[in-house]
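Please look at the structure shown below. The explanation that follows begins with one strand and then turns to the ligand.

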Amino acid sequence: MKDKFSGKFIVLDGPDGCGKTTQTKLLVQWLRQKGVDVATFREPGGTAIGEKIRQILLNPDHIAMSTAAEVMLYMAARVQLWTEKIAPALKAAKCVVLDRWLSSTCAYQGCAGGFGIDHIIKIAQDCLDKPWPDLTIILDVDLETAAQRLNRGLDRMEQKGDGYHKKVREGFSQLAKDRAGFAVIDASADIQTVHKKIIELVEKT
Ligand code: TMP
């Protein structure tokens with residue numbers, strides 16, 4: 001089991017309120033119980049520079065920020081995380097588990113923001129050695145269930161409204177349909193049911 005996950009790169013992603021942060025924690029716990037050496041990070045963030053970029057991106061005062069500026073900032077945080085943390089962890093044969101990745105930029109800025117998914121992938125290919133993980137699990141959830149789960153103050157991206165978030169969901173589906181290494185899970189179920197489905201997928205990797 002330990003060796004099976006050495007150097008594996010796994011991402012959990014999906015719309016706001018899909019439960020991926022909880023599910024990432026449960027997956028990491030499960031892997032560690034099996035003796036797997038796991039490095040886990042959130043996006044944007046995971047480095048000192050990335051956490052500063054995160055504050056700029058999510059600050060509700062920054063309503064003037066353009067989609068292109070968002071793309072560059074999310075990508076900058078990602079490149080820093082890759083260079084400083086992910087690449088060394090994979091080289092050391094750790095299993096890397098991420099809360100969001102390039103799939104988010106494709107769904108949010110690429111689809112919902114209108115920047116274009118292909119355009120974003122091109123930028124990622126130019127600045128990341130390994131743009132796509134071994135497995136990306138998309139936690140799909142409808143807008144109503146997601147909104148019920150976000151019962152706190154909303155950040156700048158979460159405040160963008162239903163029309164935008166509907167397109168985010170479509171963006172994730174579109175991306176998962178066209179690519180190998182993607183799987184979609186119905187994340188409207190309870191925490192343990194979703195966790196079980198994630199483990200089934202991860203065990204098949
Ligand atoms: P989080 O709340 O899941 O940590 O993510 C922060 C917000 O940033 C969330 O609303 C999704 C958004 N986001 C993008 O719009 N593009 C991206 O590339 C990433 C990683 C996140």
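A residue is called buried when its relative accessible area is under 20%. This cut-off is needed to read strand β1 in this predicted model. Strand β1 comprises residues 9-13, and five of its five residues are buried, so by this definition the strand is mostly covered. The cover extends to both faces of β1: F9, V11 and D13 are buried on one side, and I10 and L12 are buried on the other.

The next point concerns the partners of this strand. Strand β3, made up of residues 95-99, runs parallel to β1 and is joined to β1 by four bridges. Within β3, V96 is the bridge partner of F9. Strand β4, residues 135-140, also runs parallel to β1, again with four bridges between the two. Here L12 of β1 has I137 of β4 as its bridge partner.

Attention may now move to the ligand. The ligand occupies the largest pocket. Helices α2 (48-58), α3 (67-91) and α4 (102-112) are the elements that each give two or more residues to the shell around the ligand. The greatest contribution to this shell comes from α4, with four residues.

Which residues come nearest to the ligand? Of the 13 residues around the ligand, they are D16, Y74, R100, T105 and Q109. The side chain of Y74 has an N or O atom 2.8 Å from an oxygen atom of the ligand. For R78, a polar side-chain atom lies 3.2 Å from a ligand oxygen atom. For R100, the distance from a side-chain N or O atom to an oxygen atom of the ligand is 2.7 Å. On its own the ligand has 470 Å² of accessible area, and the protein covers 95% of this area.

Terms used: Residues numbered from 1 in each chain as written. Predicted model: local features only at pLDDT ≥ 70, side-chain atom pairs only at ≥ 80, totals over all residues. Heavy atoms only, no water. Buried < 20%, exposed > 50% of the residue type's maximum accessible area, 1.4 Å probe, protein only. Pairing = 2+ DSSP bridges. Near = heavy atom within 4 Å. Polar contact = N/O pair within 3.5 Å; in protein donor to acceptor, adjacent residues only side chain to side chain. Areas by Shrake-Rupley, 256 points an atom, 1.4 Å probe, with all protein chains shown as cover. 1 Å grid on protein atoms, 1.4 Å probe; cavity = no way out; pocket = protein on both sides within 12 Å on 5 of 7 lines; lining within 4 Å. Sits in = over half its atoms within 2 Å of the grid points.
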